[in-house]
Structures are given as C-alpha cells and as structure tokens.
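Thanks for making the time. I have one structure to go through, and I will put it on the screen now.

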Amino acid sequence: MKIEKDMFDRALIKLAYQIHPEIGRFFREHSTLLQFGEFCLVGAFGVLVNFVVFTVTLPLGVYLAWFLGILVATISNFILNKKLVFKE
C-alpha cells in the first residue's frame, strides 16, 4: 500500500478535529505546524520500532539488540520523513 503525503495530512487534520475543532482548524491553516505534527508522529513511530526490534533481538545479546534497534529505527524514520513529511 502506497501512502501519499496528502492522505497522511488529511488523517492528521481529521485526528486534530476529533480532539477539538479549533485544533483541527489551526492545523489546517498553519502548514508548518502540520509538518511539525507529522514529524513528531514519525518520531513516535521510530520509538515504537526501536522498542520492538530491541525486544525481539534481545536474546542475541544486549549490545547487538541495542545496535539493531537504533539502526532499524533510524532507517525507518529517515524513509518515512522523506516520503511523508518533507515531500514537496
């Protein structure tokens, strides 16, 4: 499934509207703030990826699990930021 930036923007604005209509309007009118919100969501996803990879690879050793968790999270954040947040 291909995720487009417009679809991601609409989903974030819809989420903001569900929290409070004024927040949704504010996000819609300020694209820089919307981009910051997207950046934060990608970062939160990276934390989740790091935790999952670390937990799964922990039997291989703490240092290797730590390294793999950071590596996979960094790569996934780079790709998501490039495709979703900073795509012009």
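Start with L33, which touches F26 and F27 once residues up to four places away in sequence are set aside. L33 belongs to helix 3. Its relative accessibility is 29%, so it counts as partly exposed, since buried would need a value under 20%. I should say here that this is a predicted model, so please take what follows as values computed from that model.

Those contacts of L33 are part of a meeting between two helices. On one side are F26, F27 and E29 of helix 2, and on the other S31, L33 and L34 of helix 3. By type, the residues of this contact divide into four nonpolar, one polar and one charged. How do helix 2 and helix 3 lie relative to each other, parallel or perpendicular? Helix 2 covers residues 21–29, and its packing angle with helix 3 is about 105°, with the axes 5 Å apart. The two are therefore roughly perpendicular, because the range for that label runs from 65 to 115 degrees.

Two residues from that contact, F27 and L34, also appear in the largest nonpolar core. Which residues make up that core? There are five: L12, I13, A16, F27 and L34. Helix 1, residues 5–19, supplies the largest share of them, namely three. As general background, nonpolar side chains in soluble globular proteins tend to be buried together. Taking A16 from this core, and leaving aside its neighbours within four places in sequence, the contacts are I23, G24 and F27.

Now along helix 3 itself. It has 27 residues and reaches 39 Å from first C-alpha to last, close to the 39 Å expected at 1.5 Å a residue. Its buried residues are L34, G37, E38, V42, G46, V49, V53 and T57. For the spacing in that list, recall that an α-helix has 3.6 residues a turn, so residues three or four places apart point the same way.

T57 is worth a stop. It lies in helix 3 and has a relative accessible area of 13%, which means it is buried, the limit being under 20%. Beyond its neighbours within four places in sequence, T57 is in contact with A65 and L68.

After helix 3, which spans 31–57, comes a loop leading to helix 4, and G61 sits in that loop. G61 is partly exposed, because its relative accessible area is 25%. From G61 to L12, one of the core residues, the C-alpha distance is 38 Å, with their positions 49 residues apart in sequence.

That leaves helix 4, residues 62–85. Does its length come out as expected, and what is the figure to compare? With 24 residues at 1.5 Å each, helix 4 should span 34 Å, and its end C-alpha atoms are 32 Å apart, which agrees. Buried in helix 4 are A65, G69, A73, S76, N77, N81, L84 and V85. A65 was also one of the contacts of T57.

T74 is in helix 4 too. At 49% relative accessibility it counts as partly exposed, because exposed would require over 50%. T74 and A11 are 63 residues apart in sequence, and their C-alpha atoms are 24 Å apart in space.

That is where I will stop.

Key:
Residues numbered from 1 in each chain as written. Predicted model: local features only at pLDDT ≥ 70, side-chain atom pairs only at ≥ 80, totals over all residues. Heavy atoms only, no water. Helix = DSSP H or I, 4+ residues; strand = E, 2+ residues; numbered from the N terminus. Expected span 1.5 Å × (residues − 1). Buried < 20%, exposed > 50% of the residue type's maximum accessible area, 1.4 Å probe, protein only. Core = buried A, V, L, I, M, F, W, Y, C linked by side-chain atoms within 4.5 Å. Contact = heavy atoms within 4.5 Å. Axes fitted to C-alpha atoms, helices over the stretch in contact; angles between N-to-C directions. Parallel < 35°, antiparallel > 145°, perpendicular 65-115°, else oblique. Nonpolar A, V, L, I, M, F, W, Y, C, P; charged D, E, K, R; others polar.
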